[in-house]
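Please walk me through the empty spaces inside this protein and the parts of the chain that surround them. A plain account in running text will do.

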Amino acid sequence: MQDDSQHNEWSLETLAIRAGHQRTFEQEHSEPIFPTSSFVYESAAEAARKFGGKEPGNVYSRFTNPTVHTFERRLAALEGGERCVATSSGMSAILSTALALLSAGDEIVASRSLFGSTVSLFDKYLGKFGITTRYVELSDLNAWEAAMTPRTRLLFAETPSNPLSEVADIGALAALAQKHDALLVIDNCFLTPALQQPLALGADLVIHSATKYLDGQGRAIGGAVVGKHELLEEIFGVVRTCGPCMSPFNAWIFTKGLETLSLRMKAHCENALALARWLEQHPAVSKVHYSGLETHPQHALANRQQKGFGAVLGFEVINGQEGAWRVIDATRLLSITGNLGDVKTTITHPATTTHGRLSDAQKEAAGIAPGLIRVAVGLESLQDIQQDLARGLDALVTD
Ligand SMILES: *Cc1c(COP(=O)(O)O)cnc(C)c1O
């Protein structure tokens with residue numbers, strides 16, 4: 001029987017495959033699914049104890065579900081957190097965290113390079129309830145400090161950033177948060193615990209869109225928050241009351257997805273680094289943004305803080321938007337889509353898709369050049385990916 005007391009001894013690769021599964025009396029080897037909305041009791045007295053929280057156990061799947069719990073325990077073990085709460089999506093993980101920990105008048109200091117919907121959530125929706133967000137340059141610690149006020153309650157960052165692969169010093173941000181009595185929240189979507197463990201570096205909470213690498217095969221939408229028990233209890237309260245809970249079917253997919261996480265991330269990183277080096281040499285490419293390259297301004301920090309550099313990279317081609325669109329349209333293998341975290345390689349033009357809502361001036365400030373292409377490198381053969389990109393890139397040079 002597997003139990004939590006063994007977790008300390010297991011390596012990450014083992015935890016990803018074994019942690020969190022409590023076998024039922026059926027002695028199943030693989031993790032089961034419990035597609036049930038509610039649970040029954042032996043007696044009225046037992047029901048009363050479970051409803052009143054006097055005895056642990058399931059009541060209703062908006063609150064807890066065994067399949068969801070297996071995923072939560074496994075991800076908590078991987079992130080090195082005391083507890084995990086799973087949610088219906090990455091966005092609802094962020095929303096639930098905000099609802100649990102912020103009140104009207106509180107302030108967030110956040111990185112300027114955030115997932116687009118996160119910015120909309122902060123500005124359009126949290127803003128309605130009197131919560132304000134200030135945005136700063138991800139890697140500029142002084143800017144973070146300058147934006148803090150006595151009302152700052154939350155620091156929020158994604159590192160490395162998308163699509164420019166900028167890196168934040170998580171330890172330094174954690175120290176800053178602590179000094180100001182605020183909490184540091186890291187969206188760890190791009191690296192996953194296989195490559196980066198923000199809690200060990202001092203972050204208070206880790207957010208995931210499980211939709212990305214935790215599943216890894218583009219099958220389901222889900223999210224999670226991991227951290228200390230005390231904070232997670234508040235976030236659990238929001239999820240159980242407001243309802244953005246994870247479905248048992250999705251939890252099962254994510255649990256099985258985690259079993260190959262270490263292997264997949266290793267292979268993603270290898271493909272991405274090789275592709276970045278190849279792109280760097282191509283005459284149609286003017287710049288490659290990838291923290292794994294020695295030329296990246298924060299390569300040393302990334303090397304220290306991360307076990308790998310991830311698989312999302314940006315590169316700029318000659319001839320601006322026209323050049324970028326030609327390279328994208330010349331692909332036959334790569335999927336033209338904004339999604340990432342998939343075994344299938346995806347390609348997108350940030351200036352007209354993921355960052356299309358920004359004005360030209362905002363794009364320039366954020367480094368979203370017209371010729372910038374983002375590739376989330378999958379697990380197809382490197383040679384095939386290169387060949388697919390070479391078709392458009394070579395044409396740009398010969399024209
Ligand atoms: C996709 C994504 C999210 C949102 O997750 P959903 O599962 O789509 O709700 C949040 N943060 C980052 C970095 C993402 O890539």
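## Helix H4 and the spaces around it

In H4, the buried residues are Gly-90, Ser-92, Ala-93, Ile-94, Ser-96, Thr-97, Ala-98, Ala-100 and Leu-101. The model is a predicted one. With nine of its twelve residues buried, H4 is mostly covered. The ends of the helix can be checked against its length: twelve residues at 1.5 Å a residue should span 16 Å, and the end C-alpha atoms of H4 are 17 Å apart, which agrees. At the N-terminal end, Ser-89 acts as a cap of H4, with a side-chain oxygen 3.4 Å from the backbone nitrogen of Met-91.

H4 also borders an enclosed space. The structure has two cavities of 30 Å³ or more, and the second largest cavity holds about 30 Å³ of space. Its lining is made up of Ile-94, Thr-97, Ala-98, Leu-102, Ile-108, Phe-122, Leu-154 and Phe-156. Two elements, helix H4 (90–101) and strand S4 (152–158), give two or more residues to this lining. The largest share, three residues, comes from H4. By class, the lining of the second largest cavity has seven nonpolar residues, one polar residue and no charged ones. Ile-94, Thr-97 and Ala-98 are named both in this lining and among the buried residues of H4.

The helix takes part in an open space as well. The second largest pocket has a volume of about 370 Å³. It is lined by 26 residues, and those closest to its centre are Met-91, Phe-115, Gly-116, Ser-117 and Lys-212. The elements giving two or more residues to the lining of this pocket are H4, helix H5 (116–125) and strand S6 (205–209). Met-91 is thus named twice here: its backbone nitrogen is the partner of the Ser-89 cap, and Met-91 is one of the residues closest to the centre of the pocket. The lining of the second largest pocket divides into nine nonpolar, twelve polar and five charged residues. Domain 1 (4–258) and domain 2 (261–398) each supply at least three residues to the lining of this pocket.

The largest cavity is the next stop. How much space lies in the largest cavity? The volume is about 50 Å³. Pro-160, Ser-161, Ser-165, Phe-190, Leu-191, Phe-309, Gly-310, Ala-311 and Val-312 form the lining of the largest cavity. Six of these residues are nonpolar, three are polar and none is charged. At least three residues of this lining come from each of domain 1 (4–258) and domain 2 (261–398).

Two loop residues remain, Pro-283 and Thr-345. Is each of them buried or exposed? Pro-283 sits in the loop between helix H11 (261–281) and strand S8 (285–289). Exposed means over 50% relative accessible area, so Pro-283, at 60% relative accessibility, counts as exposed. In sequence Pro-283 and Val-397 are 114 residues apart, while in space their C-alpha atoms are 6.9 Å apart.

Thr-345 lies in the loop between strand S10 (335–336) and strand S11 (346–348). Buried means under 20% relative accessible area, and Thr-345 therefore counts as buried at 0% relative accessibility. A polar atom of the Thr-345 side chain lies 2.7 Å from the backbone nitrogen of Gly-378.

Terms used
Residues numbered from 1 in each chain as written. Predicted model: local features only at pLDDT ≥ 70, side-chain atom pairs only at ≥ 80, totals over all residues. Heavy atoms only, no water. 1 Å grid on protein atoms, 1.4 Å probe; cavity = no way out; pocket = protein on both sides within 12 Å on 5 of 7 lines; lining within 4 Å. Points joined across faces, edges and corners; volume = space filled by probe spheres on them. Nonpolar A, V, L, I, M, F, W, Y, C, P; charged D, E, K, R; others polar. Domains from an automatic or database assignment. Helix = DSSP H or I, 4+ residues; strand = E, 2+ residues; numbered from the N terminus. Expected span 1.5 Å × (residues − 1). Buried < 20%, exposed > 50% of the residue type's maximum accessible area, 1.4 Å probe, protein only. Polar contact = N/O pair within 3.5 Å; in protein donor to acceptor, adjacent residues only side chain to side chain.
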